[in-house]
Amino acid sequence: MGRILIFVLLPLILIIGAGAGALMLGLIPGLGEPPETPEQVAAREAEEKKKKETVPPVFAPSPLGSVHQPLEEFVINLRTDRREPVFMLMSLILEVPSQGSVVQITAAEPKIRDAVIVYLSSLTPEDLNGYDAIQTVRQELWKRINALLDEGVLLNLQIAKLTVK
């Protein structure tokens with residue numbers, strides 16, 4: 001009787017206990033949560049895309065080891081109906097995760113400069129009035145620069161200087 005207990009019942013109890021633990025921890029695929037519907041998948045993907053396209057707040061803390069890479073100043077001729085030209089002077093600082101990412105920023109800098117200049121030259125001086133306008137510019141620059149770099153390279157974007165004359 002003792003041998004039956006050791007060789008049959010004890011392993012049976014261990015198997016049942018391990019199965020119950022795996023079920024509770026969600027280690028068995030297909031059990032537990034129902035599969036996502038196509039609408040749920042589309043909503044989740046849209047939320048992830050929106051999160052990627054949204055620039056982090058200016059005051060977001062920098063991750064440990066991140067590097068701030070300044071770009072050369074931009075001098076942009078803004079669109080205007082005035083006789084005299086209106087120029088904008090702008091400095092950008094890109095925050096990247098590591099020193100190794102600076103190589104990619106340096107390699108893509110001509111394309112980055114082109115994208116920034118093309119976008120900013122389409123603006124008028126009135127488009128740059130106020131906090132919301134500057135945040136819109138920052139958001140648009142984030143989208144354009146992020147599209148030129150690998151995913152996760154650009155952590156944040158700071159406007160260090162913005163002057164319109």
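## Salt bridges, core and a buried arginine

The side chains of Glu-140 and Lys-143 meet in a salt bridge, with 3.6 Å from N to O. This contact belongs to a predicted model. Glu-140 and Lys-143 both lie in helix α4, and because they are 3 residues apart there, about one helical turn separates them. Glu-140 also forms a salt bridge with Arg-144, and here the closest N and O atoms are 2.6 Å apart. Arg-144 and Glu-140 are 4 residues apart in helix α4, again a separation of about one helical turn. Salt bridges with shared partners thus join Glu-140, Lys-143 and Arg-144 into one network. Of the basic residues in this network, Lys-143 is partly exposed, with a relative accessible area of 35%, and Arg-144 is partly exposed at 32%.

The structure holds 3 salt bridges, which are listed below.

| Positive residue | Negative residue | N to O distance |
|---|---|---|
| Lys-143 | Glu-140 | 3.6 Å |
| Arg-144 | Glu-140 | 2.6 Å |
| Lys-161 | Glu-73 | 2.5 Å |

The salt bridge between Lys-161 and Glu-73 has its closest N and O atoms 2.5 Å apart. Lys-161 lies in strand β4 (residues 156-164), while Glu-73 lies in the loop between β1 (67-70) and β2, so the pair ties together parts that are 88 residues apart in sequence. Lys-161 is partly exposed, at 34% relative accessibility. Glu-73 is likewise partly exposed, and its relative accessible area is 38%.

Arg-138 presents another arrangement. This arginine is found in helix α4. Arg-138 is buried yet has no salt bridge. Why does Arg-138 have no salt bridge? The nearest side chain of opposite charge, Glu-95, is 7.7 Å away, whereas a salt bridge requires a nitrogen and a carboxyl oxygen within 4 Å. Which residues, leaving aside neighbours within four places in sequence, are in contact with Arg-138? They are Val-55, Pro-56, Pro-57 and Val-58, together with Asn-156, Leu-157, Gln-158 and Ile-159.

A further arginine, Arg-113, is placed against an aromatic ring. The charged end of Arg-113 sits over the ring of Phe-74, 4.3 Å from the ring centre. As for pairs of aromatic rings, the count comes to 0.

The largest nonpolar core has 29 residues, and those with the most contacts inside this core are Leu-92, Leu-120 and Ile-145. Four elements give two or more residues to the core: the strands β2 (74-78) and β3 (86-96), and the helices α3 (99-120) and α4 (131-148). Helix α3 provides the largest share, with 7 residues. Which residues does Leu-120 touch, not counting those up to four places away in sequence? Leu-120 touches Ile-76, Leu-78, Met-88, Met-90 and Val-137.

The last residue considered here is Val-8. Val-8 has its place in helix α1 (residues 2-25). At 48% relative accessibility, Val-8 counts as partly exposed. Along the chain, Val-8 and Leu-141 are 133 residues apart, and 68 Å separates their C-alpha atoms.

Note on methods
Residues are numbered from 1 along each chain as its sequence is written. This is a predicted model: local features need pLDDT of at least 70, side-chain atom pairs count only at pLDDT 80 or more; totals for chains, interfaces and linings use all residues. Side-chain values use heavy atoms; hydrogens and water are left out. A nonpolar core is a set of buried Ala, Val, Leu, Ile, Met, Phe, Trp, Tyr and Cys residues joined through side-chain atoms within 4.5 Å. Buried means under 20% relative accessible area, exposed over 50%, partly exposed in between (1.4 Å probe, protein chains only). Contact means heavy atoms within 4.5 Å. Rings of Phe, Tyr and Trp (its six-membered ring) pair if their centres lie within 6.5 Å; planes under 30 degrees apart count as stacked, over 60 as edge-to-face and the rest as tilted. A charge sits over a ring if NZ of Lys or CZ of Arg is within 6 Å of the ring centre and within 35 degrees of the ring normal. Lys and Arg count as positive and Asp and Glu as negative; His and the chain ends are not counted.
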